[in-house]
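Trainee: Could you take a close look with me at a single part of this model, the packing in its interior? I would like to follow it residue by residue and then see what lies around it.

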Amino acid sequence: MHEILKFNNEKLLRQALTHRSYVNEHPGEDVQDNERLEFLGDAILNFLSGQYLYDKHQDKGEDELTRRRSALVDEKQLAKFAIEVGLDFRMRLGQGAIRDGGFQNPNLLSSTFEAVVGAYYLDNNSNIEVVRAIVKPLFDSVPEQVVVGRSNVDSKNRFQEWVQSTGITNPPKYDTKQIGGPSHAPEFVAKVLVEGKEYGEGKGRNKKEAEKAAAEDALMKLKKKGLL
């Protein structure tokens with residue numbers, strides 16, 4: 001059994017593994033769902049992955065580190081971690097969720113992993129170092145090219161996907177113009193608008209770079225507001 005599943009307080013582990021669909025189907029059982037623990041685990045993983053990347057990449061700036069952190073703790077990657085530590089068939093799901101393929105569902109796997117991290121932290125007297133010792137090898141196991149590749153998924157595509165997910169069918173529009181610089185090194189600024197409302201702004205040495213920076217700015221703002 002993986003270290004992260006060895007608990008002093010078994011009840012805490014049980015809660016971390018319990019999805020609300022299970023609670024809904026077992027109203028008589030004295031058990032809570034894992035959503036509060038998931039919230040805590042998410043915050044811990046964001047912190048630990050941020051510090052891990054800060055220490056590992058002395059030469060990278062904030063934007064690059066932010067993109068890499070997103071790649072390291074995104075749903076897809078956390079779901080892989082969940083399977084690696086053996087959470088997939090230990091999740092306590094309702095029958096409906098199981099019928100819908102819940103044990104392989106990346107969203108359920110990643111949120112359960114976050115909940116277990118949160119619970120493990122509490123089970124170890126809120127000692128972040130104990131949690132770091134568990135998650136660092138997992139972070140180390142992710143190939144560099146996977147993190148870089150995923151963090152470079154074109155920001156414009158990612159922003160467009162977010163816009164579509166809100167039910168807006170019109171794609172984002174980019175208002176890009178040259179704002180100066182000599183002819184051999186011009187500077188462009190781009191604003192990205194959705195139905196006339198500005199979401200982000202960025203600069204670059206050409207139109208493409210400026211538009212990418214604007215999309216990244218928009219994604220960063222959405223993340224800060226908790227919308228991403």
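Mentor: Happy to! Let us settle one word before we start: a residue is called buried when its relative accessible area is under 20%, exposed when that value is over 50%, and partly exposed in between. Please keep in mind that this is a predicted model. On that scale, 41% of the 228 residues in the chain are buried.

A quick orientation will help. The chain holds eleven helices and three strands. Reading from the N terminus, the order is α-α-α-α-α-α-α-α-α-α-β-β-β-α. The C-alpha trace spans about 70 × 40 × 25 Å along its principal axes. If you take the contacts with a sequence separation of 6 or more, 56% of them join residues 24 or more positions apart.

Now for the interior itself. The largest nonpolar core has 43 residues, and those that touch the most other members are Ile4, Leu45, Leu87, Phe113, Val131 and Phe139. At least two residues of this core come from each of α1 (10-16), α3, α4, α5, α7 and α8. Helix α7 contributes the most, with nine residues. There is also a second, separate core of 14 residues, with Val163, Ala210, Ala214 and Ala215 among them.

Leu45 is a good place to stand inside the largest core. Setting aside residues up to four places away in sequence, Leu45 touches Val73, Leu78, Phe113, Glu114, Val117, Val135 and Phe139. Two of the names in that list, Phe113 and Val117, lead us straight to the next feature, since they also belong to α7's contact with α8.

Helix α7 covers residues 106-123 and helix α8 covers residues 128-140; they pack at an angle of about 145°, with axes 8 Å apart. From α7, the contact uses Phe113, Val117, Tyr120 and Tyr121, while α8 brings Ile128, Val130, Val131, Ile134 and Leu138. By class, the residues of this contact are nine nonpolar, no polar and no charged.

The loop between α7 and α8 contains Ser126. Its phi is near 55°, a positive value in a residue other than glycine. Why is that worth a second look? Because most residues other than glycine have a negative phi. Ser126 counts as partly exposed, because its relative accessibility is 39%.

Tyr120 of α7 also meets the start of the chain. Phe7 sits in the segment before α1, and it counts as buried because its relative accessibility is 9%. Apart from neighbours within four places in sequence, Phe7 contacts Leu12, Leu13, Val116, Ala119, Tyr120 and Asp123. The C-alpha atoms of Phe7 and Asn124 are separated by 8.5 Å, although these residues are 117 residues apart along the chain.

Beyond α8 we come to Ser141, in the loop between α8 and α9. At a relative accessible area of 40%, Ser141 is partly exposed. Without its neighbours within four places in sequence, its contacts are Phe81 and Glu84. Phe81 takes us into α5, where Gln77, Leu78, Ala79, Phe81 and Ala82 are buried. After α5 comes Gly86, with a positive phi near 85°. For a sense of distance, the C-alpha atoms of Ser141 and Ala218 are 30 Å apart, with their positions 77 residues apart along the chain.

Finally, set the interior beside the largest pocket, which holds about 1,400 Å³ of space. Its lining has 40 residues, and Ser70, Asp74, Glu75, Lys223 and Leu228 lie nearest its centre. Elements giving two or more residues to that lining are α3 (35-56), α4 (62-72), α5 (75-84), α7, α9 (144-151), α10 (155-165) and α11 (207-224). Helix α4 gives the most, with seven residues. The lining divides into eleven nonpolar, twelve polar and 17 charged residues. So when you turn the model, you will meet α7 in both settings: it gives nine residues to the largest core, and it is listed among the elements that line the largest pocket.

How values were computed. Residues are numbered from 1 along each chain as its sequence is written. This is a predicted model: local features need pLDDT of at least 70, side-chain atom pairs count only at pLDDT 80 or more; totals for chains, interfaces and linings use all residues. Side-chain values use heavy atoms; hydrogens and water are left out. Axes are lines fitted to C-alpha atoms, for helices over the stretch in contact, and angles run from 0 to 180 degrees between N-to-C directions. Helices (H or I, at least four residues) and strands (E, at least two) are DSSP runs, numbered from the N terminus. Contact means heavy atoms within 4.5 Å. Ala, Val, Leu, Ile, Met, Phe, Trp, Tyr, Cys and Pro count as nonpolar, Asp, Glu, Lys and Arg as charged, and the others, Gly among them, as polar. On a 1 Å grid over the protein atoms alone, a cavity is a set of points where a 1.4 Å probe fits but cannot get out, and a pocket is an open set with protein on both sides within 12 Å along at least five of seven lines; lining residues have an atom within 4 Å of a point. Grid points are joined across faces, edges and corners, and a volume is the space filled by probe spheres set on the points. A nonpolar core is a set of buried Ala, Val, Leu, Ile, Met, Phe, Trp, Tyr and Cys residues joined through side-chain atoms within 4.5 Å. Buried means under 20% relative accessible area, exposed over 50%, partly exposed in between (1.4 Å probe, protein chains only).
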